[in-house]
Amino acid sequence: MKKYWKSTEELSEMVQQNSPVRTGEQEPEFSVEGLDEAEIKQGLKSNRRDFLKMLGFSVGFASLATSCETPVRKAIPYLTKPEEVTPGIANHYASTYFDGHDYASLVVKVREGRPIKIEGNELSSITQGGTSARIQASVLSLYDGNRQQFPLKNGEHSDYSTIDKDVKTKLGEIAAKGGKTVILSSTVISPSTKQLFEAFKEKYPGSEVVYYDAISYSAMKKANKETFGKKTLPAYHFDNAEIIVGFNCDFLGTWLSPIEFSAQYAKTRDLTNGNKKMSKHYQFESYLSLTGSNADVRYPIKPSEEKTVLLNLYNYIAGKSSMDILKAGKSPVDISKLADELMSHPSKSLIVSGTNDVSIQVLVNGINFLLANLGGTLEFERNLQIKNGCDHAFANLVNEMNEGKVDALIMYNVNPGYDYVDAEKFINGMKKTGLTVSLSSKNDETAKHANYVCPDNHYLESWNDAEPYNNLYSIAQPTIHNIFDTRQAQESLMAWAGIEGNYHDFIQKYWEENLFGKQSEYLLFTDFWNNSVQKGIFETDAETIECPLFDFDYFNRAGADFTKVKAGGDIELVLYESIAIGPGIMANNPWLQELPDPMSKAVWDNYVAVSPRFAKDKGWEQEDVVKVNASIELPILIQPGQPYGTVSIALGYGRTDCGKVGNGIGKNAFGLGETNGDLRSYSNLSATIEKTGETYPLATTQTHHDMKGREIVKETTIAEYAMNQAAGNESHKLTMDKSETMYPEYEFPGAHWGLAVDFNKCTGCNACVVGCQAENNVAVIGKEEVKNRRIMHWIRIDRYFSTETDEINSPVVSENPEVLHQPVMCQQCDNAPCENVCPVAAVLHTKEGLNAMVYNRCIGTRYCMNNCPYRVRRFNWYRYLDNDKFDYNFNDDISKMVLNPDVVVRERGVNEKCTFCVQRIQEKKLVAKDENRPLRDGEIIPACVQACPTKALTFGDTNLKGSELNKKFEDQRAYGLLEDLHTVPSVQYLTKVRNKDAGHQGEKHHS
């Protein structure tokens, strides 16, 4: 039997009381959700009479507040209506997202000329219709008023003609004297842009292009060159793997192509349609990552132990294969069982590491080769091209800049003045460079030091193309006219290189000369081009190449240094990429700042994550401020799953020049990294940590919605499931006798909408949370209101830690708990407790089984919130629209352009909740009516379902026999949340199945 807990405080109570139920405090008679501590304490002293006395005043006040303030809505009629625009009907355009870091093929929803929603392109073989939280939020960045809105010359307002004349003159002079011009760019996957770079270099001899990525993957490419002869990244096929082993590699969250890998991974975990086999996932890691939380078996290790584990794993497999073995110390964990399991699955396993260390990547390559994985779970016929940064070339550039050897520097989509390990050295080098030009969309930490700033367009304002893998292409097209006086970076380069025309024509010419001949379907290029733009993709077969062989002689060339392991200090530091804001690119996006971290559930900050036992031994407590490496000060966050002796800090925070939302949030940890040779390192860093004596409050959501220890999540093992498909779900109750309830027996003659959530596919990535927020105009409320338990998300992802009952009293139980992610939205109950307590009938049951909210009736008694056992209803404590206290995306005319006109913006004093995207239901019903046909199964897709990269959510009509939803509902793993209350929820969850031995909690590695 397992016990589940959401925080270390709850675990402590369970240890003390040996009970999963919190009993330490008096329970309030009414819901305290959204009240601060003082209000809660005062409320506990009040009785029902006092409450009702106050209710009379509060109801009247709320009615007055909501009824007397009618917002002014401005409308401007078309003088000449565009042919393709029908007011009230959305247009959809295929496009592509790539910001130098994340990639996805997209479909953009546009209303009356405004892009308002991002969806995945189902036609893409790479991302397969999936998205991520960051990509969902990218539409809000379009309306960021803190984008640079006009060109700058020496920090002053200028115009493009003046800058073009200056830049062309100076570049010409530099080329004439044999000087050096460098284009410093993030990874570029646009073949047209690469050709433009070549044209620029021809125009100005002595020019070169240097690629720089904020998060470096240089070691992987260098290792591949040394051992396989390929200085590229391979294509990974997690869907072909039966055994997956990750080493500090968050491939479901941030590593390389997480949307693609999540979709592949989910296919290996799918147990629907009678499947009884699934992949087995091992994870070795130095912080609790999203990927580690989904592993079947997880090993917490220190960063300094990763190489030792890999050396031992390599030696075990090589020894069994009669190969030479390498010198290695003793492994901190026993890898023999794992190695035997890998060897019993030849060509069906995959080993990956996210550490930017050549020796570690070489070992990974060697193990994959010995296991015959090349050509199966990874291959070089397709080359992943989304990480082309070269640490060596960039380090040389910085040195040359400081030596005065660089005459001109043009920076495209990079910000090393913020995210380089030695940002100060880079800035000093800029000051010694004669001509510096930034093509950044913002006057950021790097751009503000440039002579000229020519702000780039947003991707939704631009034409572009992409080739994330060789021979797999996609197109980006503008969905709105430029909002500000910006110019696409490529057109700036074209102007300076003397290339006539616009970038759209440049792309077309490239496609006609290089891609048109790769297909035979279309005889005319115009037809080929129009079809490619409409679909958003053009994909052809990869060229067949011979599978490369691993060069074992590399070990001899590397010498004795190869097996040396860097010793760790008393405290080892890991820097990792945030799921929400990444390396800081999206730091000014309020949707992402308020997105709870999947593991800590913290928002609006980064922090020093430390294990409970290590914190206790060091005398650190939650929210204690500590100084790290005598450099930055951050609060302590107690994080179960963090290995003993290690701490971890998220990158991407501490911005100073990104905008009003992100400036000053958290601290910049990039400077804590190191440079080993030319390679940047974010792991195996020695740290010194000193308490400052101060405290700093953190806002977390992990205890906002406590379900009082009731049976919420269910799980089993694959062995038990193979014998009994209802394993772990034996307590499931399908129905109750209707005579045992006072609820009316509803009839649903048409549709009855429902939703299924498959725990085996849900990774907890948060894409659904932001997708819902974008679709339904959910307000951002800021850190202080989150601390008051007032977060507004209509769908939340509860993160549960678990341990076996017989281990609950172990002092190291929180070192490596298992984790389960549970999306919770309105359950759309047929016997809805919220409906019968509303005094003004604002909560109604529809003929299609939905719990409808009538906002104009709601007077804010919050009875419905108090009576909802799922804690999914939200209350508008303030008017978040046009309120300077909440200066996010509801407070200016530009940012409000992202609002969905099909969903009303709620006023103060009103309750709100998930509606199953009823506006989408109505839209598709009208389409079906116009076409005189019934609705098709799967035609209606709510925002959360559409955003999910793993297809963990299924929506449909429970009255439709044979529907995909009913297949899920009929699965023996399906159960309703708190179904013993007989609320008859329309949401069903499929029991989690782990691929591990029965009763095996996971590896307890203690340092």
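These are my notebook entries from a walk through a predicted model of one protein chain.

**Entry 1: the whole chain**

I began with the overall tally. The protein chain has 28 helices and 43 strands. I then asked how much of the chain is buried: of its 1007 residues, 62% count as such. I also looked up how far apart in sequence the contacting residues are. Among contacts in the chain with a separation of 6 or more, 74% join residues 24 or more positions apart.

**Entry 2: the cores**

Next I went looking for the nonpolar cores. The largest has 106 residues, and Trp-591, Leu-592, Phe-916 and Tyr-989 have the most contacts inside it. I wanted to know which helix gives the most to this core, and found α4 (residues 133–142), with 6 residues. Domain 3 (567–700) and domain 4 (715–994) both contribute residues, so this core lies between them.

I picked Leu-592 for a closer look. Leaving aside residues up to four places away in sequence, Leu-592 touches Ala-133, Arg-134, Ala-137, Ala-580, Ile-581, Met-586 and Val-770. I noted a second, separate core as well, of 103 residues; Val-309, Leu-313, Val-358 and Phe-555 are included in it. As background for both cores, I jotted down that nonpolar side chains tend to be buried together in soluble globular proteins.

**Entry 3: helix α12**

Val-358 in that second core led me to helix α12, which covers residues 358–370. I checked its length: the 13 residues reach 18 Å from the first C-alpha to the last, close to the 18 Å expected at 1.5 Å a residue.

Is α12 enclosed or open to the outside? I found 12 of its 13 residues buried, so α12 is largely enclosed by the rest of the structure. The buried ones are Val-358, Ser-359, Ile-360, Gln-361, Val-362, Leu-363, Val-364, Asn-365, Gly-366, Ile-367, Asn-368 and Leu-370. To remind myself how such a helix presents its side chains, I wrote that an α-helix has 3.6 residues a turn, so residues three or four places apart point the same way.

What covers the buried residues of α12? I listed helices α7 (218–228), α10 (306–320) and α19 (554–558) among the covering elements. Strands β13 (349–353), β14 (378–384) and β28 (679–681) are also included.

**Entry 4: positive phi values**

Just after α12 I came across Ala-372, which has a positive phi of about 60°. This residue lies in the loop between α12 and β14. Its relative accessibility is 39%, so I put Ala-372 down as partly exposed.

I found another case at Asn-273, which is not a glycine but has a positive phi of about 60°. Asn-273 is in the loop between α8 (258–267) and β11 (280–285). At 68% relative accessibility, Asn-273 counts as exposed, because the cut-off for that is over 50%.

**Entry 5: the β18–β19 hairpin**

I moved on to strand β18 (residues 464–469), where 6 of 6 residues are buried. Its partner is β19 (residues 472–476), paired in the antiparallel sense over 4 bridges. Tyr-469 stands opposite Leu-472 in β19. The two strands form a hairpin with 2 residues between them. In the turn I noted Asn-471, with a positive phi of about 70°.

**Entry 6: two open sheets**

The 7-stranded sheet came up next. I traced its order as β29-β21-β26-β23-β25-β24-β30; it is open, with mixed pairing. Which strands stand at the edges? They are β29 (685–686) and β30 (689–695); each has a single partner strand, so one side of each is left without a neighbour in the sheet. Within this sheet I checked β23 (residues 608–610) and β26 (residues 646–651), which pair in the antiparallel sense over 2 bridges. The bridge partner of Val-610 is Val-647 in β26.

My last stop was an open sheet of 4 strands in the order β40-β33-β42-β41, again with mixed pairing. Its edge strands are β40 (953–957) and β41 (974–976), each paired on one side only. I looked up the turn between neighbouring strands here and found an average of 30°, direction ignored. β41 and β42 (residues 987–990) pair in the antiparallel sense over 3 bridges. Ala-974 has Leu-990 in β42 as its bridge partner.

Notes:
Residues are numbered from 1 along each chain as its sequence is written. This is a predicted model: local features need pLDDT of at least 70, side-chain atom pairs count only at pLDDT 80 or more; totals for chains, interfaces and linings use all residues. Side-chain values use heavy atoms; hydrogens and water are left out. Two strands pair if DSSP finds at least two bridges between them. Axes are lines fitted to C-alpha atoms, for helices over the stretch in contact, and angles run from 0 to 180 degrees between N-to-C directions. The expected span of a helix is 1.5 Å times one less than its number of residues. Buried means under 20% relative accessible area, exposed over 50%, partly exposed in between (1.4 Å probe, protein chains only). Contact means heavy atoms within 4.5 Å. A nonpolar core is a set of buried Ala, Val, Leu, Ile, Met, Phe, Trp, Tyr and Cys residues joined through side-chain atoms within 4.5 Å. Domain bounds come from an automatic or database domain assignment.
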